[in-house]
Each structure stands twice: as C-alpha cells, then as structure tokens.
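Hi,

Here is the structure I promised to pass on. Have a look at it first, and then read my notes below.

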Amino acid sequence: NVLYHTFCYALFHTLKTECLCSVSANKVAFSASLLNETDKYTGPFAILTTLVFKRVVTNIGDAYNPQTGVFTAPLRGAYHFQWCISSYKDETTAAVLVKNDQQVFSAWEYRGFFTTMNDDMGISSASNGASLLLEEGDAVSLRLFPLCVIFDYGLHISSFSGHLLFPM
C-alpha cells in the first residue's frame, strides 16, 4: 500500500509539472505599433517591403522580432493575426499578410483620383485579420505594397498583433 501511494504521488507530481511546463510553453502573443517616434511616414518603396513594427508592447514567448518585423511560430498550432494600417491626406496605403513568402490577405486604403488638392481628408485606415495553421518555424510578416506609404504617430494607429489560439 505504501509503495502504491508513493508511486501515485510521484506520478501525480510528475504529470502536474509536465502539464504546467507545456501550458507555459504554449503562451504566445505579441502586439506592436509601427513607430517609436511621432508623425512619420514609412515608404514608398519600389518593391514589396517587410514592415518593421518597432514599438513592441507585448511579446509573450518572444516569437516576434522587432528588428526584422517577422513573427516565427515557436510550435505547430492555429494562430490569429490582425493589423491596422493608416495613411494621411491623399496618400494610399496597402499591406499584405505574408506566410513563408505566400501572400494571404491584404488591407488597403486607396486615395487617388477622388481626392482634390484642397481636400483635407485627414487620417484614414484599413484593417484585416486572419487565422492561420502554422508549423513550427513558419514565418509571418506584414509587407507594404510598392509605391504605398504607411503613417503612424504618437497615438500608434498602425499596428500588428498576433497570438496562438491553440496548439495542434
């Protein structure tokens, strides 16, 4: 009886420790805005360019790299991403969510033919989101379309976020 209880006690604590460790490893979430500074445009560029969201407010699991703008999945699972991109006055903004160099979904705000030189339209924005099945090591980023700009300022209106929904 004593041997049986000792075995059960040891097994329970081993399983409890393993479960706590795996739950901790499954915590992945990040949120970042484009700029640390205020009132600034990024772009335009001649080619599709990865946006580097530098003001990181959350990076649980350290899967988002603020030097490259790339999120790398630490484990296989379902992840959700969302982004908001902003423009100012007559500028056009457009960005695409990219998984391993494959374009997934985009968001854009076109400001061209319908604006006039005297039309002060202020700030406009576009947003989108996607849930993706990622394998460990898959890379996800947000890329600015050629000839477009993105605007951000002190209220941090251009942002990129993602989190693990559940491991698989």
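Among contacts in the chain between residues at least 6 apart in sequence, 73% join residues at least 24 apart. Please keep in mind that this is a predicted model.

The chain has 13 strands and 1 helix, and the helix comes before the strands when you read from the N terminus. Of its 168 residues, 35% count as buried. The chain exposes about 9700 Å², and 58% of that is supplied by carbon and sulfur atoms.

I spent some time on strand β8, residues 93-99. This strand is mostly covered, with 6 of its 7 residues buried. It pairs with two strands: 6 bridges join β8 to β9 (residues 102-109), and 5 bridges join β8 to β11 (residues 139-144). The β8 and β9 strands run antiparallel, and β8 and β11 are antiparallel too. Lys 99 is a good place to see both pairings: Lys 99 stands opposite Gln 102 in β9, while in β11 its bridge partner is Val 140. The hairpin of β8 and β9 has 2 residues between the strands, and there Asn 100 takes a positive phi near 50 degrees.

On the surface, have a look at Leu 133, Leu 165, Phe 166 and Met 168, which make a nonpolar patch of about 380 Å². Met 168 lies in the segment after β13 (159-167). Met 168 counts as exposed because its relative accessible area is 53%, and the cut-off for exposed is over 50%.

Best wishes

Definitions and conventions
Residues are numbered from 1 along each chain as its sequence is written. This is a predicted model: local features need pLDDT of at least 70, side-chain atom pairs count only at pLDDT 80 or more; totals for chains, interfaces and linings use all residues. Side-chain values use heavy atoms; hydrogens and water are left out. Buried means under 20% relative accessible area, exposed over 50%, partly exposed in between (1.4 Å probe, protein chains only). Helices (H or I, at least four residues) and strands (E, at least two) are DSSP runs, numbered from the N terminus. Two strands pair if DSSP finds at least two bridges between them. Patches are made of residues with over 30% relative accessible area and no salt bridge: like charges are joined within 9 Å, nonpolar side chains (Val, Leu, Ile, Met, Phe, Trp, Tyr) within 5 Å. Accessible areas come from the Shrake-Rupley method with a 1.4 Å probe; for residues, only the protein chains shown count as cover. A salt bridge is a side-chain nitrogen of Lys or Arg within 4 Å of a carboxyl oxygen of Asp or Glu. Contact means heavy atoms within 4.5 Å.
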